[in-house]
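I sat down with this chain as a newcomer and kept a notebook of what I looked up. The entries are in the order in which I made them.

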Amino acid sequence: MSQSTKPRLTDLPEWKALAAHYEVMRGVHLRELFARDPQRAERFTLSAAGLTLDYSKNRVTAETMQRLTALARACGVETARAAMFAGEPINRTENRPALHVALRNRSNTPIYAQGHDVMPEVNRVLARMQAFAQAVRSGEWRGFTGKPIRAIINIGIGGSDLGPAMAYEALKAYARRNLTVRFVSNVDAAHIGEATRDLAPEETLFIVTSKTFTTQETMTNAQTARAWCLAALKDEKAVARHFVAVSTNEKEVARFGIDPQNMFEFWDWVGGRYSLCSAVGLALMVAIAPEHFLAMLDGFHAMDRHFAEAPLERNLPVILGLLGVWYNNFFGAATHAILPYAQYLCRFPAYLQQADMESLGKSVDQQGRKVGWQTGQIIWGEPGTNGQHAFFQLIHQGTRLIPADFIGFCRAATGRAGQPCPAVLSGRTGCAALPSEIPRREIANHHVKLMANFFAQTEALAFGRTTAEVAKQGVLPELVPHKVFEGNRPTNTILAEELTPGVLGALIALYEHKIFTQGVIWDIDAFDQWGVELGKELAGRIQGELTAKAEPDLRHDSSTNALIQRYRQAPRMGATS
């Protein structure tokens with residue numbers, strides 16, 4: 001069937017059947033679903049790649065899931081999945097493949113893009129990354145004055161920042177604690193200023209990550225870092241010892257002063273928000289050691305294979321994607337909460353904001369027509385238990401339906417097998433001993449309390465507390481309505497043994513493929529991001545107007561013109577270039 005004759009999503013019989021089924025399900029409570037089926041939890045739990053997904057606390061039945069998977073098949077999820085793994089140009093607006101799966105293809109079977117196997121290139125860059133990381137970690141790589149590197153600053157933005165920054169925080173238990181690792185993205189000078197304030201230039205290495213080496217925010221920060229270095233080291237030759245690049249633009253890299261031998265490539269068939277497993281993850285590899293980075297790739301690959309091979313009915317990413325469609329398009333849920341019960345995953349919701357909202361924030365289908373259905377949801381969240389004392393009130397008793405994913409672990413993160421991170425004594429691949437270790441029994445005590453809250457919240461959200469149950473507690477009659485919890489709030493529980501590099505890789509890939517599934521169903525291109533271009537274009541024009549010596553001829557709307565004039569009239573620290 002040609003794209004031009006492809007039926008609209010809402011015209012599909014499978015969609016109409018789901019709409020009718022929703023009318024039956026909309027009033028059904030989770031209490032009733034669990035009462036009907038004592039084996040419900042077992043029926044709606046699956047495991048793959050080190051992750052267990054319990055989706056029994058969702059407002060679905062076996063029939064619901066059958067109808068959702070029928071929709072996925074009718075929309076061509078299986079065909080699109082095969083096309084992605086085959087390297088076909090599924091990013092239609094840019095005529096590119098989306099081959100992030102090649103970056104973590106640990107089986108090393110050939111994967112083709114535009115007729116050639118990309119795996120030799122992927123393996124070559126990965127080997128160069130490992131050699132560089134070992135050189136920095138061992139002290140072989142020295143700064144301009146001969147001192148070893150003690151601080152790494154990654155300069156990037158978007159996928160060149162969010163991925164490695166999130167993963168570094170997530171895997172900090174595996175990081176070298178005598179190596180400072182920071183991430184700078186915001187063009188606000190405060191970001192680069194605070195990141196460098198307490199560092200020594202002669203011991204600092206910058207990784208500048210920009211495919212074109214022209215990204216405004218990244219290159220502004222890189223030039224400031226360069227000036228900071230040279231102010232102390234007084235020699236242009238120092239740049240080559242304190243800067244490396246992750247880029248494809250060798251000419252601009254050399255012009256900056258970086259030795260092209262220290263440029264790590266990545267490819268246009270990798271979107272920024274899918275690039276963590278490429279050279280974009282170089283700072284992470286230096287921090288946690290190559291062996292742990294490779295273990296993370298193993299986890300990605302395990303989930304990739306599960307997504308590629310498991311039937312839709314038992315496919316974790318597909319199920320998450322279908323549940324999102326169910327709540328977004330039929331229940332009208334505008335947001336989705338990501339709630340990791342792990343402080344190490346504090347940046348994970350922010351990472352998924354880009355991965356999901358940049359991918360699925362589209363209002364035009366693959367044929368260029370306005371869609372007639374809701375696409376991406378607003379992704380947000382915060383680690384538990386912090387969120388419980390902030391926004392959980394709205395989820396429990398507010399008027400909005402907010403589906404949520406709870407992510408938890410059976411053991412506290414270790415960094416080395418069997419030992420909580422603060423108890424790890426030392427080692428090149430683990431974390432250094434802290435000045436004062438927290439006893440292992442105390443860490444275990446913390447984790448039990450954390451996970452008690454984790455399990456309690458999903459139970460409370462699902463089942464709530466009825467008026468009769470509140471009245472039995474002897475509550476004053478006038479307080480009863482305030483203490484009633486409606487329940488019937490849907491959640492997914494994602495549980496793993498421990499937050500290891502492999503588990504992190506599997507977790508990220510789980511959400512990547514969930515996003516892919518939803519993009520196919522909504523018939524949108526999940527791999528482009530034209531929505532960010534207009535703001536960039538206007539910013540370039542306005543920058544000149546903000547700094548012009550003569551009064552500029554402003555031709556914006558009246559609000560923007562007035563704001564620009566207000567800015568120009570305010571006293572400033574110095575001329576802006």
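The entries below go through a sheet, a pair of helices and some salt bridges.

**Entry on the sheet as a whole**

I note at the outset that I am reading a predicted model. I began with the strands, and I found six of them forming an open sheet with mixed pairing, in the order E1-E2-E13-E12-E10-E11. I marked strand E1 (45–48) and strand E11 (378–380) as the edge strands, since each of them pairs on one side only. I also looked up how neighbouring strands are turned against each other in this sheet, and the average is 15° with direction ignored. Against the sheet I found helix H16 (residues 348–360), which touches strand E10 (335–340), E11 and E12, and whose direction makes about 165° with that of E11.

**Entry on the hairpin and its neighbour**

I then went to the edge formed by E1, where E1 and strand E2 (residues 51–54) pair in the antiparallel sense over four bridges. Within this pairing I found Leu-46 opposite Leu-53 in E2. The hairpin of E1 and E2 has two residues between the strands, and I wrote down that Ala-49 takes a positive phi near 55° there. Moving inward, I saw that E2 and E13 pair in the antiparallel sense as well, over three bridges, with Thr-52 standing opposite Leu-495 in E13.

**Entry on strand E12**

Which strands does E12 pair with, and in what sense? I found that strand E12 (residues 404–409) and strand E13 (residues 491–496) pair in the parallel sense over six bridges, and that E10 and E12 also pair in the parallel sense, over four bridges. Ala-404 served me as a landmark, as its bridge partner in E13 is Thr-491, while Ala-337 stands opposite Ala-404 in E12. Further along the strand, Gly-408 stands opposite Leu-495 in E13.

I next asked whether the residues of E12 are buried or exposed. Six of the six residues are buried, so I noted E12 as largely enclosed by the rest of the structure. I recalled that in a regular strand the side chains alternate between the two faces of the sheet. In E12, I saw Ala-404, Phe-406 and Gly-408 pointing one way and Asp-405, Ile-407 and Phe-409 pointing the other way, all of them buried.

**Entry on two helices**

I turned to helix H14 (residues 290–309) and helix H15 (residues 316–330), which pack at an angle of about 70° with their axes 8 Å apart. Angles of 65 to 115 degrees count as roughly perpendicular, and therefore I recorded H14 and H15 as roughly perpendicular to each other. On the H14 side, I listed Met-303, His-306 and Phe-307 as making the contact, and on the H15 side Leu-316, Pro-317 and Val-318. By character, I count these contact residues as five nonpolar, one polar and no charged.

**Entry on salt bridges**

Side chains of opposite charge can pair when their charged atoms come close. How many salt bridges does the structure hold? I found 29, and I followed up several of them.

Arg-8 forms a salt bridge with Asp-365, and their closest N and O atoms are 3.2 Å apart. I noted that this pair links distant parts of the chain, with Arg-8 in the segment before helix H1 (13–25) and Asp-365 in the loop between H16 and E11, 357 residues apart. Asp-365 has 5% relative accessibility, and because buried means under 20%, I wrote Asp-365 down as buried. I also found Arg-8, Asp-365 and Arg-369 linked in a network of salt bridges.

Glu-265 and Arg-124 meet through their side chains in a salt bridge, at 3.0 Å from N to O. This pair, too, links distant parts of the chain, for Glu-265 lies in the loop between strand E9 (263–264) and helix H13 (282–288), whereas Arg-124 lies in helix H7 (residues 119–138), 141 residues apart. I recorded Glu-265 as partly exposed at 27% relative accessibility, and Arg-124 as partly exposed with a relative accessible area of 38%.

My last lookup was Glu-194 and Arg-197, whose side chains meet in a salt bridge at 3.6 Å, N to O. Arg-197 has a relative accessible area of 62%, and I noted this residue as exposed.

Notes. Residues numbered from 1 in each chain as written. Predicted model: local features only at pLDDT ≥ 70, side-chain atom pairs only at ≥ 80, totals over all residues. Heavy atoms only, no water. Pairing = 2+ DSSP bridges. Axes fitted to C-alpha atoms, helices over the stretch in contact; angles between N-to-C directions. Contact = heavy atoms within 4.5 Å. Salt bridge = Lys/Arg side-chain N within 4 Å of Asp/Glu carboxyl O. Buried < 20%, exposed > 50% of the residue type's maximum accessible area, 1.4 Å probe, protein only. Parallel < 35°, antiparallel > 145°, perpendicular 65-115°, else oblique. Nonpolar A, V, L, I, M, F, W, Y, C, P; charged D, E, K, R; others polar.
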